[in-house]
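Me: Could you take a close look at one residue for me and tell me how its surroundings are put together? I'd like the wider fold first, then the details.

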Amino acid sequence: MDVPSGFNCVRQGNSLWIAGSIDNGIYYSADGMTWTQTNIKTGTFLSLHYANNLWMAGSTKGTYYSEDGITWSQGAGLSSAVNGVQFAGEDWVAATGKGLYYSVPFSDNSQAVYDMAKGYTDSLAPSVVNT
């Protein structure tokens, strides 16, 4: 497949490369040379991170997540641009133009998202974060 020009981010994890494009979605590669587009075919991606058996991507329209790096879903809770995502311990942190948000795990494997300035917002990714 022809890979478009214009990428904002690339990350390697769990023997897979993931790249976030400008306007053309998310791509993956096993070797970093041959790339395949995922099920996310549009959108501008700003950040990628892999941790705790989960891929997380920040985009101009919020977060996306994937357990395998190939099939992606849009996260709930953040609909504005997510410039960065990072994992530490049990929490995901997302950096946006509106502030920092972090996830809090619950015993049922769900996640709540908190605005560090305002409190509870919604879920960053549904019950896949701690599975």
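Reply: Here's the overall picture, then the sheet at the start of the chain, then Tyr50.

A word on the ground rules: this is a predicted model, where local features need pLDDT of at least 70 and side-chain atom pairs count only at pLDDT 80 or more, while totals for chains, interfaces and linings use all residues. Residues are numbered from 1 along each chain as its sequence is written, and side-chain values use heavy atoms, with hydrogens and water left out.

The protein has zero helices and 13 strands. Those labels are DSSP runs numbered from the N terminus: helices are H or I with at least four residues, strands are E with at least two. Of its 131 residues, 43% count as buried, meaning under 20% relative accessible area, with exposed being over 50% and partly exposed in between (1.4 Å probe, protein chains only).

Now the sheet. Four strands make an open sheet in the order S1-S2-S3-S4, with antiparallel pairing; two strands pair if DSSP finds at least two bridges between them. S1 (7-13) and S4 (36-37) sit at the edges with a single partner strand each, so one side of each has no neighbour in the sheet. S1 pairs with S2 (residues 16-21) over six bridges, and Phe7 stands opposite Ser21 in S2. At the other end, S3 (residues 26-29) and S4 pair over two bridges, with Tyr28 opposite Thr36 in S4.

Keep an eye on the S1-S2 hairpin: two residues lie between the strands, and Asn14 in the turn has a positive phi of about 55°. Asn14 comes up again below, as a contact of Tyr50.

On to Tyr50 itself, which lies in strand S5 (residues 45-51). Tyr50 counts as buried because its relative accessibility is 18%. Leaving aside neighbours within four places in sequence, Tyr50 is in contact (heavy atoms within 4.5 Å) with Gly13, Asn14 and Trp55.

Two of its side-chain links are polar contacts, i.e. pairs of N or O atoms within 3.5 Å; within protein, one must be able to donate a hydrogen and the other to accept it, and residues adjacent in sequence count only if both atoms are side-chain atoms. One joins the side chains of Tyr50 and Asn14 at 3.4 Å; another runs from the Tyr50 side chain to that of Asn53 at 3.5 Å. Finally, Tyr50 and Gln86 are 36 residues apart along the chain, with their C-alpha atoms separated by 8.3 Å.
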